[in-house]
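Here are my notes on the model you sent over. I went through it point by point, so skip to whatever you need.

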Amino acid sequence: MNIRKNDNVLIIAGKDKGKKGKVRFVYPKKQRVLVEGVNFIKKHSRAKAQVHQAGVIDLEAPIHISNTMLLCNKCNHPARIGFRFLENGKKVRFCRACGEVID
Ligand SMILES: [Zn+2]
């Protein structure tokens, strides 16, 4: 998984193609991410005694990770991601376009 929580991503496929947003959750097993403001679905709820709001609610739904690309914070481009090791041995991601370390 190249995408992590709080990353900024660009949506590259689907009905929200071209949108940008922040990753709120990552579901590694499903290979899906929940992106802020992306992929709203309509959820219908029935009025119940406990629920005050009835009708249709907009909810964000996770999208497949292959439909997203990580955005580089520096060059603000969809980044082709590389990995490299810092002096302390930590593995970090970096943008292949501008060389900026993303982690
Ligand atoms: Zn960059």
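The points below go from the overall fold to single residues.

1. **What we're looking at.** First off, this is a predicted model. The protein chain has nine strands and zero helices, so if you trace the elements along the sequence you simply get β-β-β-β-β-β-β-β-β, going by the DSSP runs.

2. **Overall dimensions.** The radius of gyration of the protein chain is 17 Å, whereas a compact globule of 103 residues would come out near 13 Å. The C-alpha trace spans about 60 × 30 × 20 Å along its principal axes. As for long-range contacts, take those with a separation of 6 or more: 38% of them join residues 24 or more positions apart.

3. **Surface and burial.** Of the 103 residues in the protein chain, 27% count as buried. The chain exposes about 7,100 Å², and carbon and sulfur atoms supply 51% of that area.

4. **The core.** In soluble globular proteins, nonpolar side chains tend to be buried together. Here the largest nonpolar core has 15 residues, and the members that touch the most other members are I3, V9, I11, V33, V35, I63 and L70. Two elements, β1 (8–11) and β3 (32–35), give two or more residues to this core.

5. **L70.** This core member is worth a click of its own. Beyond four places in sequence, L70 is in contact with N2, I3, D7, N8 and V9, and also with H77, P78, A79, I81, R93 and I102. One of those partners, R93, gets the next point.

6. **R93.** Is this arginine, R93, buried or exposed? R93 counts as buried, because its relative accessibility is 2% and the cut-off is under 20%. R93 sits in strand β9 (residues 91–95). What does its side chain pair with? The side chain of R93 makes a polar contact with the side chain of D7, at 2.9 Å. Further contacts of R93, outside four places in sequence, include N2, I3, R4, L70, I81, G82, F83, E100, V101, I102 and D103.

7. **T68.** Another polar residue to look at is T68, in strand β7 (residues 68–70). T68 has a relative accessible area of 7%, so it is buried. A polar atom of the T68 side chain lies 2.9 Å from the backbone oxygen of I65. Not counting residues up to four places away in sequence, T68 touches I3, V9, L10, I11, I12, V33 and I63. Several names in that list also appear among the core residues of point 4, including I3, V9 and I11.

8. **G18.** This glycine, G18, is in the loop between β1 and β2 (20–27). At 51% relative accessibility G18 counts as exposed, because the cut-off is over 50%. Beyond four places in sequence, G18 is in contact with L10 and I11. The C-alpha atoms of G18 and T68 are separated by 9.7 Å, while the two residues are 50 residues apart along the chain.

9. **K74.** The loop between β7 and β8 holds K74, which is exposed at a relative accessible area of 55%. K74 touches C98 and E100, leaving out residues up to four places away in sequence. K74 and G99 are 25 residues apart in sequence and 9.3 Å apart in space, C-alpha to C-alpha.

10. **Cysteines.** How many disulfides does the count give? It comes to zero. C72 is buried, with a relative accessible area of 1%, whereas C98 counts as partly exposed at 31%.

11. **Positive phi.** Most residues other than glycine have a negative phi. Which asparagines go the other way? N6 has a positive phi of about 75 degrees, and N76 has one near 55 degrees. N6 belongs to the segment before β1, while N76 lies in the loop between β7 and β8 (81–85). Both count as partly exposed, N6 with a relative accessible area of 48% and N76 with 47%.

Conventions. Residues are numbered from 1 along each chain as its sequence is written. This is a predicted model: local features need pLDDT of at least 70, side-chain atom pairs count only at pLDDT 80 or more; totals for chains, interfaces and linings use all residues. Side-chain values use heavy atoms; hydrogens and water are left out. Helices (H or I, at least four residues) and strands (E, at least two) are DSSP runs, numbered from the N terminus. Buried means under 20% relative accessible area, exposed over 50%, partly exposed in between (1.4 Å probe, protein chains only). A polar contact is a pair of N or O atoms within 3.5 Å; within protein, one must be able to donate a hydrogen and the other to accept it, and residues adjacent in sequence count only if both atoms are side-chain atoms. Contact means heavy atoms within 4.5 Å. A nonpolar core is a set of buried Ala, Val, Leu, Ile, Met, Phe, Trp, Tyr and Cys residues joined through side-chain atoms within 4.5 Å. The radius of gyration is taken over C-alpha atoms; the globule rule is 2.2 Å times the number of residues to the power 0.38. Accessible areas come from the Shrake-Rupley method with a 1.4 Å probe; for residues, only the protein chains shown count as cover. A disulfide is a pair of cysteine sulfur atoms within 2.5 Å.
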